[in-house]
Amino acid sequence: MTDLFRTVLLATQCTEFDVGAERVAIDLAANWGIPLFAVLPLVSNPEYESIAPLQQEAAESEAAAKLGSLRNAAAARGVELIGTIRRGEEPYSEIIAEARERQADLIVLRRRGKRGFLANLLMGEMVHAVTSHAPCHVLIVPRAARLWSGGIAVAIDGSRHSQHASGVAVAIAKRCGLPLTAISVAGADDRDGGVANANVALALAAARAAGVPAHGVVSAGQPHEAILHAAEKAGADLIVVGRRGLNPAKRPLLGSTSERVASHANGPVLIVHAQT
């Protein structure tokens, strides 16, 4: 799976909160020898454009200048960056639309911006919406984070979604030449840890079959806290988690554990989209 990430889309508004995502996306493209696409969403609607055309034009000029600076930063790392400005009422919708049009394998975006009255306290409202609706994997990056270099950790629970996440984690570890830590948290219905140990054993077998050095951790307690603690102890600076499928109303779910891991991790967290 050396072509795991062939088309990477950086979603940015070029603010102070986006610098981590921009840095990681550029470094990933440089290290993997791939081009980088970027989308900068602008909040707009036909009524606003008709009432305040000069303000809209100024906003677009500012956005173009920001993308130009980002393009220069990418070029300094030997990366070709192809940027797009998209206008719409909902920034997340424009990001998702661009990802679909580009047939992106991965969306890279910040963890959150400023907390607003309606913003989710853990992940920004826009980030949560992108992650929940994305047609591909999503890499959530804190502002101070850098590209992983210490190790990969994957959280597994035996579900189809976590099994797919495990396969992606193995592929990344192999591609980057890094060790893998498989983490499973024993729940209340698995007091002896038998199920969690079995989940870890399957992940380790797959890793070793791919030639990836790996070890497993079975923990107890609050799942997101146990996952974060185990990853930090192992020196892993990328955490891979699965994303749930659809709820009965056919709406995508991120999952509380995945969201909490992504919200509190010090480094990037990859939310894996399970193919159907």
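User: Happy to dig in! What makes the link from the side chain of Ser184 to the backbone oxygen of Ile156 a polar contact?

Analyst: The side chain of Ser184 reaches that oxygen of Ile156 at 3.1 Å. A polar contact is a pair of N or O atoms within 3.5 Å, where within protein one must be able to donate a hydrogen and the other to accept it, and residues adjacent in sequence count only if both atoms are side-chain atoms. The pair therefore qualifies. This is a predicted model, where local features need pLDDT of at least 70 and side-chain atom pairs pLDDT 80 or more, while totals for chains, interfaces and linings use all residues. Residues are numbered from 1 along each chain as its sequence is written, and side-chain values use heavy atoms, without hydrogens and water.

User: Why is Ser184 called buried?

Analyst: Its relative accessible area is 1%, and buried means under 20% (exposed is over 50%, partly exposed in between; 1.4 Å probe, protein chains only), so Ser184 is buried. Ser184 touches residues including Ala196, Val200 and Val217 (heavy atoms within 4.5 Å).

User: What makes H8 oblique to H9?

Analyst: The axes of H8 (residues 223-234) and H9 (residues 256-264) cross at roughly 45 degrees. Angles under 35 degrees count as roughly parallel, over 145 as roughly antiparallel, 65 to 115 as roughly perpendicular and the rest as oblique, so H8 is oblique to H9. Among the residues that meet there are Ile227 and Leu228 in H8, and Arg260 and Val261 in H9.

Terms used: Axes are lines fitted to C-alpha atoms, for helices over the stretch in contact, and angles run from 0 to 180 degrees between N-to-C directions. Helices (H or I, at least four residues) and strands (E, at least two) are DSSP runs, numbered from the N terminus. Lists of a residue's contacts leave out its neighbours within four places in sequence.
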